[in-house]
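I opened a fresh page for this protein today. My plan is to start with how far to trust the model, then look at the whole, then at single helices and residues.

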Amino acid sequence: MAASGSDKPRVALPSINQALLTTCVVGALTNLRGPVAAMIDGAPPPQSVFINGLVLAYAAANLYKSLAKVGYATLDGRERDSFAREAGELALAGEVPRRVGGYKVATFAGGCFWGTELHFQRIPGVAATCVGYTQGWAGEPNYDQVCGGQTGHTEALQLLYDPNVVSYEALCYKLLDTVDPTVLDRVRGDAGTQYRHGIYPHSKEQAEAAAAVVEATQAKYAEPVVTEVKDAAVFWPAENYHQQYLEKGGQDASKDATAEVRCYG
């Protein structure tokens, strides 16, 4: 499936953080003009030069980071059991795949995507995973933009799975086990629309299975289950340092591992 013309990605709006950083850059440059001109004429550098120089360096570096594009071609690939590089190619082509090779594709959101990825890495039948951003309106979003709420995306996980080993229903149940499905726009300490939990089916078959799982889960709660269920949309992989972050940090990603998943600390 490909994104339709009406779903053509737009450019993310500037965030408050970017506006503040830009103001700092402009202010520091303005404050440096006079002292630097005086220094060229032989005057000693005042302390304000060093202070404004530090402000300029810090603000410019962070502004650049907030605007930097994700390097999709340099993301991890199947050699690391990662789907990131292929997911980037599909996103740039505007495609929402149902299958890749002999595997089916599934997309979930469960709050901080580091923990969500590790939970699913451990499931037998999950062949490759990728963290990223989905269900937003801006194209090629980066982490700073999504965290700033500029793009409408949620942190998410896309994976390849073998339906002969693990069912889509089992994957849906796993997602709902990792969140409180009755709490809107929050998973544990992470709050905001970018941390909303969701199931994003890639086919009618998956949609029916997701609806059945949500209905069965609802029977366990008095409060409404608010987990988002929407058709899968273009999935934009996150920066490479986010991919398999917890595994790279030393947590066990082996199949059927039972150690606690620690997102922070």
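**Entry 1: trust**

Over which residues does pLDDT stay under 50? I looked it up: pLDDT (the predictor's confidence in each residue, from 0 to 100) stays under 50 over residues 1–6. For that stretch the model has 10 contacts beyond four places in sequence, where contact means heavy atoms within 4.5 Å. Where pLDDT is low, the predicted coordinates should not be read in detail. Averaged over the protein, pLDDT is 92, and 94% of the residues score at least 70.

Two notes on how things were counted. This is a predicted model, in which local features need pLDDT of at least 70, side-chain atom pairs count only at pLDDT 80 or more, and totals for chains, interfaces and linings use all residues. Residues are numbered from 1 along each chain as its sequence is written, and side-chain values use heavy atoms, with hydrogens and water left out.

**Entry 2: the whole protein**

I found 8 helices and 9 strands. These are DSSP runs (helices are H or I, at least four residues; strands are E, at least two), numbered from the N terminus. The C-alpha trace spans about 75 × 40 × 40 Å along its principal axes.

I then asked what share of the 265 residues is buried. The figure is 46%; buried means under 20% relative accessible area, exposed over 50%, and partly exposed in between (1.4 Å probe, protein chains only). The protein exposes about 13200 Å², and carbon and sulfur atoms supply 56% of that area. Accessible areas come from the Shrake-Rupley method with a 1.4 Å probe; for residues, only the protein chains shown count as cover.

Contacts came next. Among those between residues at least 6 apart in sequence, 77% join residues at least 24 apart.

**Entry 3: helix α4**

How many of the 9 residues of α4 are buried? I noted 8, so α4 is largely enclosed by the rest of the structure. The buried ones are Phe113, Trp114, Gly115, Thr116, Glu117, Leu118, Phe120 and Gln121. Among the elements that cover them are β2, β3, α5 (143–147), β4, α6 and α8.

I picked out Gln121, which sits in α4. Its relative accessible area is 9%, so Gln121 counts as buried. Beyond four places in sequence, Gln121 touches Thr129, Gln244, Glu247, Ala253 and Lys255.

**Entry 4: helix α6**

Which residues of α6 (residues 168–177) are buried? My list reads Tyr168, Leu171, Cys172, Leu175 and Leu176. They lie on the same side of α6, because they cover an arc of only 135° around the axis. That arc is taken from the directions from the helix axis to the C-beta atoms. A textbook reminder for myself: an α-helix has 3.6 residues a turn, so residues three or four places apart point the same way. The cover over the buried residues of α6 includes β2 (103–110), α4 (113–121), β3 (126–134), β4 (154–161), β7 (197–200) and α7 (204–218).

**Entry 5: after α8**

I moved on to the segment after α8, where I found Gln251 and Val261. Gln251 is buried at 10% relative accessibility, and Val261 is buried with a relative accessible area of 18%. Beyond four places in sequence, Gln251 is in contact with Leu118, Leu246, Glu260, Val261 and Arg262. With the same neighbours left aside, the contacts of Val261 include Gly115, Leu118, His119 and Gln251. How far apart in space are Val261 and Thr116? They are 8.9 Å apart, C-alpha to C-alpha, with their places 145 residues apart in sequence.

Asp256 is in this segment too. With a relative accessible area of 56%, Asp256 is exposed.

**Entry 6: phi angles and a strand**

Most residues other than glycine have a negative phi. Asp256, however, has a positive phi of about 65°. Phi of Asp81 is near 55°, also a positive value, and Asp81 is in the loop between α2 (47–67) and α3 (84–92).

Last, I checked Arg99 in strand β1 (residues 99–100). Is Arg99 buried, partly exposed or exposed? At 48% relative accessibility, Arg99 counts as partly exposed. Beyond four places in sequence, Arg99 is in contact with Lys104 and Val105. The C-alpha atoms of Arg99 and Leu160 are separated by 8.1 Å, and these residues are 61 apart along the chain.
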